[in-house]
Amino acid sequence: QGMSRVSRGSPPQLAQFGGCSQRTMTVMEALELLDQLVDESDPDVGFPNSFHAFQTAEGIRRAHPDKDWFHLVGLLHDLGKVLALFGEPQ
């Protein structure tokens, strides 16, 4: 979901999250924070969410070693789920 959808369809979310004022953190801090979340789409997984992010990035790196941007996308793809820790539904 991009900023255009948030600003078009959900003004309360734009006000709450648009200024990025909830918290300042590095990507590594966000990955660690994601570990506090029980993912409703995968509640029975017995390993931290950050493990999935690293596993995805590594799988992409092996399959596409020349596309470093794609490795990063694999690492970041679930970071939006941290919003559930700030009251947004999963």
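**View A. E58 and R61 share helix α4, 3 residues apart, which is about one turn of the helix.** Helices are DSSP runs of H or I with at least four residues, strands are E runs of at least two, and both are numbered from the N terminus. This close-up comes from a predicted model, in which local features need pLDDT of at least 70, side-chain atom pairs count only at pLDDT 80 or more, and totals for chains, interfaces and linings use all residues. Residues are numbered from 1 along each chain as its sequence is written, and side-chain values use heavy atoms, with hydrogens and water left out. E58 and R61 form a salt bridge, with 2.5 Å between the closest N and O atoms; the term stands for a side-chain nitrogen of Lys or Arg within 4 Å of a carboxyl oxygen of Asp or Glu. R62 also joins E58 in a salt bridge, at 3.1 Å from N to O, and these two residues of α4 are 4 residues apart, again about one turn. Together, E58, R61 and R62 make up a linked network of salt bridges. An α-helix has 3.6 residues a turn, so residues three or four places apart point the same way.

**View B. The members of the α4 network differ in how much surface they show: E58 is partly exposed, whereas R62 is exposed.** Here, buried means under 20% relative accessible area, exposed means over 50%, and partly exposed lies in between (1.4 Å probe, protein chains only). E58 has a relative accessible area of 28%, R61 is partly exposed at 38%, and R62 reaches 64%. Look for R62 beside A63: both are exposed residues on the face of α4 turned away from its buried side.

**View C. The buried residues of helix α4 are N49, S50, A53, A57 and I60.** They fall within an arc of 115° when seen down the helix axis, so they line one face of α4; the arc is taken from the directions of the C-beta atoms as seen from the axis. These buried residues pack against α3 (27-34) and α5 (68-76), where contact means heavy atoms within 4.5 Å. The helix covers residues 49-63, and its 15 residues should span 21 Å at 1.5 Å a residue, which agrees with the 21 Å between its end C-alpha atoms. That expected span is 1.5 Å times one less than the number of residues.

**View D. Zooming in on S50, we find a residue of helix α4 that counts as buried at 12% relative accessibility.** Setting aside its neighbours within four places in sequence, S50 touches L31 and D35.

**View E. Helix α5 has H71, G74 and L75 as its buried residues.** They cover an arc of only 100° around the axis, which puts them on the same side of α5. The partners in this packing are α3 and α4.

**View F. A nonpolar surface patch is formed by V27, L72 and L76.** Together they offer about 230 Å² of accessible area, computed by the Shrake-Rupley method with a 1.4 Å probe, with only the protein chains shown counting as cover for residues. Patch members have over 30% relative accessible area and no salt bridge; like charges are joined within 9 Å, and nonpolar side chains (Val, Leu, Ile, Met, Phe, Trp, Tyr) within 5 Å. V27 belongs to helix α3 and is partly exposed, with a relative accessible area of 40%.

**View G. K81 and D78 form a salt bridge, with their closest N and O atoms 3.6 Å apart.** K81 is partly exposed, at 26% relative accessibility, while D78 is buried at 16%. The chain has 3 salt bridges by this rule.

**View H. Stepping back, the chain is built from 5 helices and 0 strands.** From the N terminus on, its elements run α-α-α-α-α. Of the 90 residues in the chain, 22% are buried. Among contacts with a separation of 6 or more, 50% join residues 24 or more positions apart. The chain exposes about 6,400 Å², and carbon and sulfur atoms supply 56% of that area.
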